[in-house]
Amino acid sequence: MKNCNKDPVKLKLSLLNIVEHYKNNHEHCNELSKCKNDSNYEPTKYLIKDPKAEMLLGRALTNTQVYKSPTDYVYCMDSYYMESFNNAILQYHDKRINFSKEVYILRTSLAVLDWNEHVNRQTTSLKTVQDAKNPRRQIQVKILKRKSYNMWSEIWDQLVQIYLDL
Ligand SMILES: [Zn+2]
């Protein structure tokens, strides 16, 4: 959806192309796809060779709500930032503690400040670690630049200014 450029026709064609992708035909796959960019690309799923399976997958795709009403989905975006924020807010919201409304709002505000200041932090290096799901596999994780917390001095300055203005 994020690669359709808000074009419902392109969205429908990209859905139909899923069948071709799984037949190992990548002619119309997105230019950013791994199958187009990685010269060592190997499919991770079974390739479709049975015409009946091809027909069933095509039918399943054309029966999706996204295919039937593509204009409703052309503005869809990646949920990465939402998931990232939901993860970051847990540093301020312990789900086992029932905070008062004021404290809840304060903690939410702090989480927003923290997330806004540190979202899209630069990567300093990559670290190779063992994949928890597949111990024989090594994966690379990003080591992010240390958090700056410049917001604290800005908050402090504003608080001092409020007291000075009293
Ligand atoms: Zn492909």
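**Note on the zinc site, cores and domains**

1. In sequence, the residues that donate to the zinc ion follow the spacing H-x4-H-x2-C-x5-C. The model under discussion is a predicted one, and the points below should be read with that in mind.

2. Coordination of the zinc ion is through the ND1 atoms of His21 and His26 and the SG atoms of Cys29 and Cys35, at 2.1 to 2.2 Å. The angles that these four donor atoms subtend around the zinc ion run from 96 to 117°, and the arrangement is therefore tetrahedral, since four donors are counted as such if all angles lie between 85 and 135 degrees.

3. Two of the donor residues can be described further by their accessibility. His26 has a relative accessibility of 14% and so counts as buried, and Cys29, at 7% relative accessibility, counts as buried too; the cut-off behind both statements is a relative accessible area under 20%.

4. The largest nonpolar core consists of eight residues, namely Phe85, Ala88, Ile89, Tyr92, Leu110, Ala111, Trp115 and Met151. Two elements, helix H5 (80-88) and helix H6 (101-118), each give two or more residues to this core, and the largest share, three residues, is that of H6. Another core lies apart from this one and has six residues, including Cys4, Leu15, Tyr67 and Val74.

5. The domain assignment divides the protein chain into domain 1 (8-72) and domain 2 (80-150). Between the C-alpha centres of domain 1 and domain 2 the distance is 33 Å, a value that a colleague may wish to keep beside the assigned bounds when viewing the model.

6. Helix H3, which covers residues 51-62 and thus has twelve residues, spans 16 Å from its first C-alpha to its last, and this is close to the 16 Å expected at 1.5 Å a residue. At the start of H3, the backbone nitrogen of Lys52 is approached by a side-chain oxygen of Asp50, which comes to within 2.9 Å of that nitrogen.

7. Is Tyr104 buried, partly exposed or exposed? This residue lies in helix H6, and Tyr104 is classed as partly exposed because its relative accessible area is 46%, where the partly exposed class lies between the limits of 20% and 50%. Tyr104 and Val66 are 38 residues apart along the chain, and their C-alpha atoms are separated by 37 Å.

Methods:
Residues are numbered from 1 along each chain as its sequence is written. This is a predicted model: local features need pLDDT of at least 70, side-chain atom pairs count only at pLDDT 80 or more; totals for chains, interfaces and linings use all residues. Side-chain values use heavy atoms; hydrogens and water are left out. Donors are N, O and S atoms within 2.8 Å of the metal (3.2 Å for Na, K and Ca); water is not among the atoms, so sites may look incomplete. Four donors count as tetrahedral if all angles lie between 85 and 135 degrees; four count as square planar and six as octahedral if opposite donors are over 155 degrees apart and all others between 65 and 115; anything else is irregular. Buried means under 20% relative accessible area, exposed over 50%, partly exposed in between (1.4 Å probe, protein chains only). A nonpolar core is a set of buried Ala, Val, Leu, Ile, Met, Phe, Trp, Tyr and Cys residues joined through side-chain atoms within 4.5 Å. Helices (H or I, at least four residues) and strands (E, at least two) are DSSP runs, numbered from the N terminus. Domain bounds come from an automatic or database domain assignment. The expected span of a helix is 1.5 Å times one less than its number of residues. A polar contact is a pair of N or O atoms within 3.5 Å; within protein, one must be able to donate a hydrogen and the other to accept it, and residues adjacent in sequence count only if both atoms are side-chain atoms.
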